[in-house]
Amino acid sequence: MKQIYVLILFVMFAFGANAQIEKQIEGKTITADDKKKLEDTTQGWKFGGMGGVNFNQAAFVNWAAGGVNAISLIANARFYADYKKGKHLVQNWFAAEYGLQFSKQTFPKVNKNADRWEVFSKYGYKIQDKLYVGAYANLRSQFSNTYKYNDDSSRYLVSTFASPLIFEGAIGLDYIPNKYLSFFFSPLATKVTYVRNDSLANAEVYGNKSPKHTKAEFGATLIAQYKQDFWKQNITVSSIFRAYKNYLRADIDPIDISIRETKSSYRKNIDIDWQTTLGFKVNKFITASVFTHLIWDHDVRINRKDKETGKSIDNTEKPRLQFRDVIGIGLVYQTNYYKAKDVKAIKL
């Protein structure tokens, strides 16, 4: 029941926050040509966001191949505030999603199928054409408890709010060849994983060495971002790829937690997070989208699972490739503004 309340509140937040921006700032619409000029030459603040709900439903009646009747809802929101003036460039965004799946034929009847929030902030100072020296900070976690269920219907906690809570920060170079692409590289980056929950910290599932609740890393990071609209902005491709290499050997090895990280594991210790969204605009309020998320986290140990049932095959825990995709059609509301000094906000 708590999960349902969280989803309802999140949906209200996603749409309500955007509606509030609409009421507070009454901008005027502009032509497509003027909009493109503003996007290319903006010297000031650009801010806005979008929120929506994706709906998926599956129903089977006398279906020989079998299937489970289910309904799923995923609410998502993303807000940004970017600033460009002279040699200064600031990028800020907040993204979140929360989803539930309802089914009368499976246990549990309500499953959480998405839960994530993330805050990102980056500052750059231009030193050459298309090249900035910059710094960024990133914080991410989830909203509520996530459980795994055993064959006897018992359950155990695998993650919760701030367990883990991951912070990343770095100083490096940001290369922006055009308005669609950017590459940020830093040889001076830090990553701190905090596990608030005592039982999860004691289980050492996120790389911390009990009784410590944190794991600190120092290394190098690469962030590549791409975003572009096609066909009169009716198709949007957005992708962000992040890779992090830890310079330090860990206190525990992800394959054998009784020993310090071996040289073989250390060479493979590169964390990857790659998110891609392909959006299709049907009209002002209805969109279809494909979202993929690939993760390789060298410190997270996962049981091998059966592809059809999703149940654990054995108790062998080790780092594994994580992947998910979300395909859906849903309602969306989006607003974008441009604001320069002493100039009334203009709706893009």
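## A tour from Arg-324 inward

Start by selecting Arg-324: its relative accessibility is 24%, so this residue counts as partly exposed. Keep in mind as you go that you are looking at a predicted model.

**Stop 1: the partner of Arg-324.** Now add Glu-97 to your selection. Its side chain and that of Arg-324 form a salt bridge, with N and O 2.3 Å apart. Is Glu-97 buried or exposed? Glu-97 has a relative accessible area of 7%, and because the limit for buried is under 20%, Glu-97 is buried. Colour the two strands next: Arg-324 sits in β16 (residues 322–339) and Glu-97 in β3, so you can see a link between distant parts of the chain, 227 residues apart.

**Stop 2: a second link across the chain.** Select Asp-273 and Arg-242. These two form a salt bridge as well, and their closest N and O atoms are 3.7 Å apart. Asp-273 belongs to strand β12 (residues 270–281) and Arg-242 to strand β11, with their positions 31 residues apart in the chain. Both residues of this pair are buried.

**Stop 3: the network.** Which residues do salt bridges with shared partners join into one network? Show Glu-97, Arg-116, Glu-118, Arg-242, Asp-273 and Arg-324 together, and you have it on screen. Both pairs from the earlier stops are part of this network.

**Stop 4: Ala-95.** Stay on β3 and pick Ala-95. Beyond its neighbours within four places in sequence, Ala-95 touches Ala-77, Arg-78, Arg-116, Trp-117 and Glu-118. Two of these contacts, Arg-116 and Glu-118, will be familiar from the network.

**Stop 5: the nonpolar cores.** Ala-95 also belongs to the largest nonpolar core, which has 10 residues. To display the rest of this core, select Trp-93, Phe-120, Tyr-136, Ala-170, Phe-184, Ala-189, Ile-223, Ile-240 and Tyr-244. Which elements give two or more residues to it? They are β3 (88–102), β9 (181–194) and β11 (235–246). A second core of 7 residues is separate from this one; Val-195, Leu-200, Val-205 and Tyr-206 are among its members.

**Stop 6: Lys-112 and Asp-115.** For a last pair, select Lys-112 and Asp-115, whose closest N and O atoms are 2.7 Å apart in a salt bridge. Lys-112 is buried at 18% relative accessibility, and Asp-115 is buried at 15%. If you would like to keep exploring, the whole structure holds 9 salt bridges.

Technical notes: Residues numbered from 1 in each chain as written. Predicted model: local features only at pLDDT ≥ 70, side-chain atom pairs only at ≥ 80, totals over all residues. Heavy atoms only, no water. Core = buried A, V, L, I, M, F, W, Y, C linked by side-chain atoms within 4.5 Å. Buried < 20%, exposed > 50% of the residue type's maximum accessible area, 1.4 Å probe, protein only. Helix = DSSP H or I, 4+ residues; strand = E, 2+ residues; numbered from the N terminus. Contact = heavy atoms within 4.5 Å. Salt bridge = Lys/Arg side-chain N within 4 Å of Asp/Glu carboxyl O.
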